[in-house]
Amino acid sequence: MRYESQLVEVDGDSRRAVILDSKSGTKESIDYDLLHAVPPQSAPAWLKDSALADPASPFGYLAVDQYSLQSTRWPDVFALGDVANLPTSKTGAAIRKQAPMVVANMLAARRSEPLPARYDGYTSCPLVPAPPDAAGRVRLPAQADAQLPLIDTMKPRYDMWLLKRHGLPAMYWHGMLRGPPLTGPHGFAESPTPVVSRPAPSPLRESRA
C-alpha cells in the first residue's frame, strides 16, 4: 500500500509501472502481473475553473464545511457527492448519507434557521474480487470503512457476497435512485420552489484571480 502516490508511467511490454511519491518527489518502478489503472478523478471543468473551487484542492472540488456540507464562502450553496472537497472516500454509500442531511440543512438555511444536520464522514466500499468457491467460501473480504453491528466485514463472508451480488443492486435501482417518498418534514414536496431565496453574487461569474 502506497499513500499519496500516483501512477505516472506504464511499460506494458516489460509489465512495469512507475509510481511517483507526491510528498518526496521520488519514483519507484514495480513489476506487475495484472494492472488495474484508474484515471485521476477531478471536478468538471466548469467547476474547476470557477470561484466555487477550493483553492486547496488540486482537483477543483467545491469547498464546503465537512459537517454541514455548506459552502465555506457562499451560505446559499451546498455540495455533496463526488464534487465536494471532503476528507472521506467518494462512494455511493457516502452520498446516501449526505443527501438527506443536505436537504434538511438547505431547508433550514432557507428559513434562516440553524443547520440541524451533521455529516459524520461515513463511507463504505465493498470489494469483492472473486465469487465464492464450490464450498461457498469467498477468498477475499468485502472491505468497508464502516463496520456493521455484530458482523466483521473485514473477514471473508459468503453472506456479504450475497449482499453485494443480489441485495445492493436491488437497493440501488429500486430504492436509492427512486428517492424517498415525497412526504414528511424533510421531503422535497415541502420545498417546490428553489431553495436559494436570498440574492447573492454569482460565484460562477466571479474571477478566481
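How far apart should the end C-alpha atoms of helix 2 be, at 1.5 Å a residue? This is a predicted model, and helix 2 is a good place to start. It covers residues 92–110, and its 19 residues should span 27 Å because each adds 1.5 Å, counted over one less than the number of residues. The end C-alpha atoms do sit 27 Å apart, so the two values agree.

That doesn't make helix 2 free of bends, though: there's a kink of about 25 degrees at Q98, shortly before the proline P100. Q98 is also one of the buried residues of helix 2, a list that includes A93, A94, M101, V102, V103 and A104. Further along, N105, L107, A108 and A109 are buried too. Past the end of the helix comes S112, with a positive phi near 60 degrees.

Now over to the strands. Strand 2 and strand 3 run antiparallel and are joined by five bridges. If you want one pair to look at, take A17, whose bridge partner in strand 3 is I30. The two strands make a hairpin with five residues between them, and in the turn G25 has a positive phi of about 80 degrees.

These strands also bring us to the largest pocket, with a volume of about 1400 Å³. Its lining takes in 29 residues, and R2, S5, Q6, V38 and P39 lie nearest the centre. Strand 1 (5–11), strand 2 (16–21) and strand 3 (27–31) are the elements that give two or more residues to that lining, with strand 1 giving the most, at three. By class, the lining has 17 nonpolar residues, eight polar and four charged.

Methods:
Residues numbered from 1 in each chain as written. Predicted model: local features only at pLDDT ≥ 70, side-chain atom pairs only at ≥ 80, totals over all residues. Heavy atoms only, no water. 1 Å grid on protein atoms, 1.4 Å probe; cavity = no way out; pocket = protein on both sides within 12 Å on 5 of 7 lines; lining within 4 Å. Points joined across faces, edges and corners; volume = space filled by probe spheres on them. Helix = DSSP H or I, 4+ residues; strand = E, 2+ residues; numbered from the N terminus. Nonpolar A, V, L, I, M, F, W, Y, C, P; charged D, E, K, R; others polar. Pairing = 2+ DSSP bridges. Bend = angle between axes of the 7 residues up to and from the residue. Buried < 20%, exposed > 50% of the residue type's maximum accessible area, 1.4 Å probe, protein only.
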